[in-house]
Amino acid sequence: MKKLLILLKIFLMNFKLMLLFFLLSTQAIWAQDGFQFDNNKNKTSIPFQFINNLIIIPIEVNGVKLNFLLDTGIDDSILFSVDDSDGVSFSHIEKIKIRGFGSNESFDAYKSTNNKLSIKNYTDLNHTIYLVLDQNINISSRIGIPVNGIIGYQFFKCNLVKINYETKRITIYKNQKKELKKIEKSYTKIPLELISGKPYITIKSFFENNQQPLNTKLLIDTGNSDALWYFKAKNINITIPKLNLQDFLGRGFSGDVFGKRGKINALQIDAFTIQNPLAAFPDTNATSEIDKIEGRLGSVGSEIMRRFTTVYDYKSNVIYIKKNNQFDEPFNFNMSGLEIQHQGLQWIKQDYENNPTTSNNLFDSNGNKITNNLQYKFELKPIYIIDNIRKDSPADLAGFQKEDILVKIDKKNAYNYTLQQINDLLKSEEGKIIEFEIDRKGKILKFKIQLKSIL
């Protein structure tokens with residue numbers, strides 16, 4: 001009897017071990033990949049910053065809060081700006097090569113797996129990140145705030161994601177069926193083609209001298225601040241407007257991108273028609289190697305997408321759109337020809353009045369009234385430099401040079417502007433005169449330019 005009890009205990013012990021192994025195995029099999037809700041809530045709302053038509057969201061990477069650009073135009077997550085003070089640790093790292101958007105060759109990067117990424121209660125416990133250590137890659141200087149990386153497909157793939165550009169909030173829904181019933185009543189449903197984690201949409205583009213619109217397969221690219229990019233070399237029916245200008249279009253992971261800008265006649269997305277959108281036509285050498293997707297003719301960027309409230313449903317290969325109050329806004333561009341970037345911080349001495357409400361009643365030890373109650377403080381303020389100048393633009397004709405440092409804009413210290421405010425000013429209105437003071441290698445120079453639209 002005792003032997004039978006011993007055998008029974010051994011059997012029960014082995015059964016428990018087998019049961020535990022089975023549960024762990026099935027959990028591993030059935031556990032969903034990617035971002036998931038880590039509580040019982042059915043949705044989460046994330047505020048974002050919208051700067052230069054780019055969405056910036058806070059994400060914790062292995063417990064450290066960083067800023068990421070939300071970019072539907074990439075499939076993998078990339079981290080390119082982390083310093084020692086951020087204190088982020090990574091494991092399982094291997095060296096790889098990356099080819100980016102631009103004209104240069106591929107460059108070194110590192111692949112890191114098993115990272116924890118969290119946005120409020122939305123978490124991915126096994127996230128792969130590509131670390132790019134090239135110091136020349138710096139989105140922060142173009143946006144004016146620290147941006148540490150880019151995230152795309154992994155953010156969208158598991159749940160319904162709504163982007164409201166007016167309220168600057170992203171809402172992620174867990175119970176998709178319930179929410180879709182509401183969305184389908186007031187939104188337009190458009191099919192998506194997901195290829196390698198990137199969403200493509202087919203829309204009608206109306207070019208000059210073409211009687212019929214061209215069906216154009218475009219990447220939805222929220223990481224592109226422009227309205228539209230077209231790859232002319234891929235279709236002879238893509239025509240560059242006669243009224244155009246040669247311009248700096250942006251900076252990719254592999255270098256600067258140049259091309260032409262001009263306004264096409266119209267763009268039609270389902271029942272929505274957008275008149276005279278501004279389009280860019282990048283030079284062939286910048287696009288020939290980076291996208292081999294059959295039939296892709298370009299990109300639709302954030303200057304178009306911000307005119308809608310959008311709901312991405314990657315699981316069903318669908319996007320829902322509803323026009324918002326920004327739909328009819330004009331397509332403005334930088335009429336100065338100046339490309340400004342953030343170039344670090346400087347300490348600025350600022351004076352202020354201590355207790356200004358009582359300063360008129362202050363006396364020194366001899367009974368004399370104190371007439372000056374100013375004190376001083378030091379604050380970190382931004383430095384802005386000229387990064388690029390469009391040829392034959394008002395800035396070029398006025399004599400600006402690359403690497404000039406902005407000192408004052410319209411008699412106001414340049415460091416009191418945000419980069420967004422400066423860019424908005426340069427797009428504001430044709431004929432506007434803007435005064436500048438710049439520092440050129442220690443010499444202060446003054447310029448005036450008049451904004452001029454040639455498109």
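## A look around the predicted model

Lys 168 sits in the loop that runs between β11 (160–164) and β12 (169–173). This is a predicted model, and Lys 168 is one of the odd spots in its backbone: phi is positive there, about 55 degrees, although the residue is not a glycine. Most residues other than glycine have a negative phi. Lys 168 counts as partly exposed, at 35% relative accessibility.

Asn 114 has a positive phi too, about 60 degrees, and is not a glycine either. Asn 114 is placed in strand β8 (residues 107–119). With a relative accessibility of 40%, Asn 114 counts as partly exposed.

Now for the overall picture. The protein has 455 residues, and 47% of them count as buried. There are 31 strands and 8 helices. Among contacts with a separation of 6 or more, 65% come from residues 24 or more positions apart. The exposed surface comes to about 24,300 Å², with carbon and sulfur atoms supplying 50% of it.

How far can you lean on the model? The average pLDDT is 84, and 81% of the residues score at least 70. Confidence is lowest in helix α1 (residues 2–30), with a mean of 37, and highest in helix α6 (residues 302–305), at 98. Over residues 1–31 pLDDT stays under 50, and the model has 0 contacts beyond four places in sequence for that stretch.

On to the inside. The largest nonpolar core holds 84 residues, and Ile 57, Phe 155 and Ile 170 have the most contacts inside it. Leaving out residues up to four places away in sequence, Ile 170 touches a list of residues that includes Ile 57, Phe 155, Leu 70, Phe 48 and Lys 162. A second, separate core has 17 residues, among them Leu 69, Ile 78, Phe 80 and Ile 145.

Thr 216 is another residue to look at, this one in strand β16 (residues 214–220). Is Thr 216 buried or exposed? Its relative accessible area is 0%, so Thr 216 is buried. Beyond four places in sequence, Thr 216 touches Ile 201, Thr 202, Ile 203, Ser 205, Tyr 230 and Leu 297.

Then there are the aromatics. Searching the whole structure turns up 20 aromatic pairs. In the pair of Tyr 122 and Phe 155, the planes stand at 80 degrees, so the pair is edge-to-face. This pair ties together distant parts of the chain, with Tyr 122 in strand β9 (residues 122–131) and Phe 155 in helix α3 (residues 153–156), 33 residues apart. Tyr 122 and Phe 155 are buried. Tyr 312 and Tyr 314 also have their planes at 80 degrees, so they make an edge-to-face pair, and both are buried. Here are the ring-centre distances, along with those for two lysines that sit over tyrosine rings:

| Partners | Arrangement | Distance |
|---|---|---|
| Tyr 122 and Phe 155 | edge-to-face | 5.9 Å between ring centres |
| Tyr 312 and Tyr 314 | edge-to-face | 6.2 Å between ring centres |
| Lys 217 and Tyr 200 | Lys 217 over the face of Tyr 200 | 5.7 Å from the ring centre |
| Lys 412 and Tyr 417 | charged end of Lys 412 over the ring of Tyr 417 | 4.7 Å from the ring centre |

Which residues do ring pairs link into a cluster? They are Phe 35, Phe 37, Tyr 122, Tyr 153, Phe 155, Phe 156, Tyr 312 and Tyr 314. Phe 155 thus turns up in the ring cluster and among the best-connected residues of the largest nonpolar core.

Key:
Residues numbered from 1 in each chain as written. Predicted model: local features only at pLDDT ≥ 70, side-chain atom pairs only at ≥ 80, totals over all residues. Heavy atoms only, no water. Phe/Tyr/Trp six-rings, centres within 6.5 Å; stacked < 30°, edge-to-face > 60°. Helix = DSSP H or I, 4+ residues; strand = E, 2+ residues; numbered from the N terminus. Buried < 20%, exposed > 50% of the residue type's maximum accessible area, 1.4 Å probe, protein only. Lys NZ or Arg CZ within 6 Å of the ring centre and 35° of its normal. Contact = heavy atoms within 4.5 Å. Areas by Shrake-Rupley, 256 points an atom, 1.4 Å probe, with all protein chains shown as cover. pLDDT = per-residue confidence, 0-100. Core = buried A, V, L, I, M, F, W, Y, C linked by side-chain atoms within 4.5 Å.
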